[in-house]
Amino acid sequence: QVHLVESGGGLVQAGGSLRLACTASGRTFGNYWMGWFRQAPGKEREFVVTIRWSGGRTDYSDSVKGRFTISRDNAKNTVYLQMNSLKVEDTAVYYCAAGRVVGDPRAVDYWGQGTQVTVSA
C-alpha cells in the first residue's frame, strides 16, 4: 500500500519561508513524478510543481516560479518544497502527489493527506 506523508506546514508572515517534505513508501517510484498541488478555501485544487524521480526534471506553475524550489532525496524517498518570499495568496492546503511519467503529466495516482500553509499579511 502506497503512502505519501507530508510534514512542514505552518503559519508564516508574508515574505517568509517554509519547507515542506513528503516521504513516500509502499512501492518503487522510478517511473513516477512526485510533487505538490494546493487548494485554497473556495477554490479548486491546483498544480504547483513536480519533479521526476529519474533524472530530476522539474515543472513549475507560473505562480511559484522563482520563489519555490522542489528537490528530492532518492535514498530517503523524500521530496522537499522550499517556499521563499511567501505571499498571502499562497495560503492553502498543500497536497503531496505522485503520478506516472508516461501519460497525462497531471494525472495523479496517489495523494497525501495534506498540510496547511497559512501566510499572514
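**Surroundings of Gly8 and the disulfide of the chain**

Gly8 is partly exposed in this predicted model, its relative accessible area being 35%, a value that falls between the limit of under 20% for buried residues and that of over 50% for exposed ones. The residue is located in the loop that runs between strand E1 (3-7) and strand E2 (10-13). When neighbours within four places in sequence are set aside, the contacts of Gly8 are with Leu18, Arg19 and Leu20. With respect to Ala121, which lies 113 residues away along the chain, the C-alpha atom of Gly8 is found at a separation of 20 Å.

The cysteines were examined next. A search that covered the whole structure returned 1 disulfide, in which Cys22 is joined to Cys96 with an S to S distance of 2.0 Å. The link between Cys22 and Cys96 is left-handed, with a value of -80° about the S-S bond. Distant parts of the chain are connected by this pair, since Cys22 belongs to strand E3 (residues 18-25) and Cys96 to strand E9 (residues 92-100), the two positions being 74 residues apart.

The accessibility of the linked residues was also computed. Cys22 has a relative accessibility of 0% and therefore counts as buried, and Cys96, for which the relative accessibility is likewise 0%, counts as buried as well. The cut-off applied to both cysteines is a relative accessible area under 20%, whereas Gly8, at 35%, is assigned to the partly exposed class.

Technical notes. Residues are numbered from 1 along each chain as its sequence is written. This is a predicted model: local features need pLDDT of at least 70, side-chain atom pairs count only at pLDDT 80 or more; totals for chains, interfaces and linings use all residues. Side-chain values use heavy atoms; hydrogens and water are left out. A disulfide is a pair of cysteine sulfur atoms within 2.5 Å. Helices (H or I, at least four residues) and strands (E, at least two) are DSSP runs, numbered from the N terminus. Buried means under 20% relative accessible area, exposed over 50%, partly exposed in between (1.4 Å probe, protein chains only). Contact means heavy atoms within 4.5 Å.
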